[in-house]
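Let's take a walk through the charged side chains of this one. Have the sequence and the 3D view open as you read.

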Amino acid sequence: MTGDAVQAPVEPDVDVEEVDEEDRLVEEGEIAGDYLEQLLDVLDFDGDIDLDVDGDRAIVSIDGGKDLSKLVGRDGEVLDALQELTRLAVQQATGDRSRLMLDVGRWRADRRDRLARLGTEVAERVRDGDAGGRESLDPMTPFERKIVHDAVAAVDGVYSESEGAEPKRRVVVIKE
């Protein structure tokens with residue numbers, strides 16, 4: 001023996017929990033995609049299913065079909081129900097509760113953009129106006145309220161809070 005030590009390969013600085021979490025989210029997306037593909041087949045709808053991971057959520061999008069507006073419904077009600085059914089399908093397969101986000105025909109993405117603009121516009125109006133220093137918005141889902149709260153938080157001189165009880169809980173923007 002020459003005394004030369006065998007050096008172990010240097011592992012890159014990767015958080016194993018982070019990799020495991022991303023793998024879990026990818027698996028959620030794949031299960032959801034399979035479930036939705038079967039649903040589209042049963043309904044005889046065309047659509048392309050895209051899978052992504054954004055932060056701590058699997059994102060599943062259905063795009064490209066002409067009948068997809070039927071899967072959104074009025075004010076996204078059908079989309080919300082379909083998202084819950086898809087989450088239940090994932091939970092049944094994995095045993096874990098899913099927080100996946102489903103979007104159809106970019107409805108949620110467009111809604112997010114509109115809500116962010118609304119939050120910014122109302123925050124600036126409240127900050128710059130003299131009419132009582134507060135404005136209440138229409139009732140929204142928790143997801144929609146979070147988007148508005150985030151947009152308001154980016155504007156100096158105002159803050160937001162939620163008031164009321166579901167399903168009529170709303171964002172109120174208040175001048176500091």
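What follows is a look at salt bridges, and at an arginine that has none. Keep in mind that this is a predicted model.

Start with Arg57, which sits in strand S2 (residues 57-63). Arg57 is buried, yet it makes no salt bridge. Why not? The nearest side chain of opposite charge belongs to Asp56, and that is 4.6 Å away, while a salt bridge needs a side-chain nitrogen within 4 Å of a carboxyl oxygen, so Asp56 doesn't qualify. What Arg57 does have is a backbone oxygen, that of Arg99, lying 3.1 Å from a polar atom of its side chain. Beyond its neighbours within four places in sequence, Arg57 is in contact with Leu25, Asp52, Arg87, Arg99, Leu100 and Met101.

One of those contacts, Arg87, does find a partner: it forms a salt bridge with Glu84, with the closest N and O atoms 3.0 Å apart. Both lie in helix H2 (residues 77-94), 3 residues apart, or about one turn of the helix. Arg87 counts as buried because its relative accessible area is 14%, whereas Glu84, at 41%, is partly exposed.

Now hop over to helix H1 (residues 16-43), where Glu21 and Arg24 also lie 3 residues apart. Their side chains meet in a salt bridge at 2.6 Å, N to O. Glu21 is partly exposed at 30% relative accessibility, and Arg24 is partly exposed at 28%.

Last stop: Arg127 and Asp128 form a salt bridge, with their closest N and O atoms 2.8 Å apart. Arg127 is partly exposed at 31%, and Asp128 is exposed at 54%. Elsewhere, salt bridges with shared partners link Glu21, Arg24 and Glu28 into one network. The full count comes to 13 salt bridges.

Methods. Residues are numbered from 1 along each chain as its sequence is written. This is a predicted model: local features need pLDDT of at least 70, side-chain atom pairs count only at pLDDT 80 or more; totals for chains, interfaces and linings use all residues. Side-chain values use heavy atoms; hydrogens and water are left out. Helices (H or I, at least four residues) and strands (E, at least two) are DSSP runs, numbered from the N terminus. Buried means under 20% relative accessible area, exposed over 50%, partly exposed in between (1.4 Å probe, protein chains only). Lys and Arg count as positive and Asp and Glu as negative; His and the chain ends are not counted. A polar contact is a pair of N or O atoms within 3.5 Å; within protein, one must be able to donate a hydrogen and the other to accept it, and residues adjacent in sequence count only if both atoms are side-chain atoms. Contact means heavy atoms within 4.5 Å.
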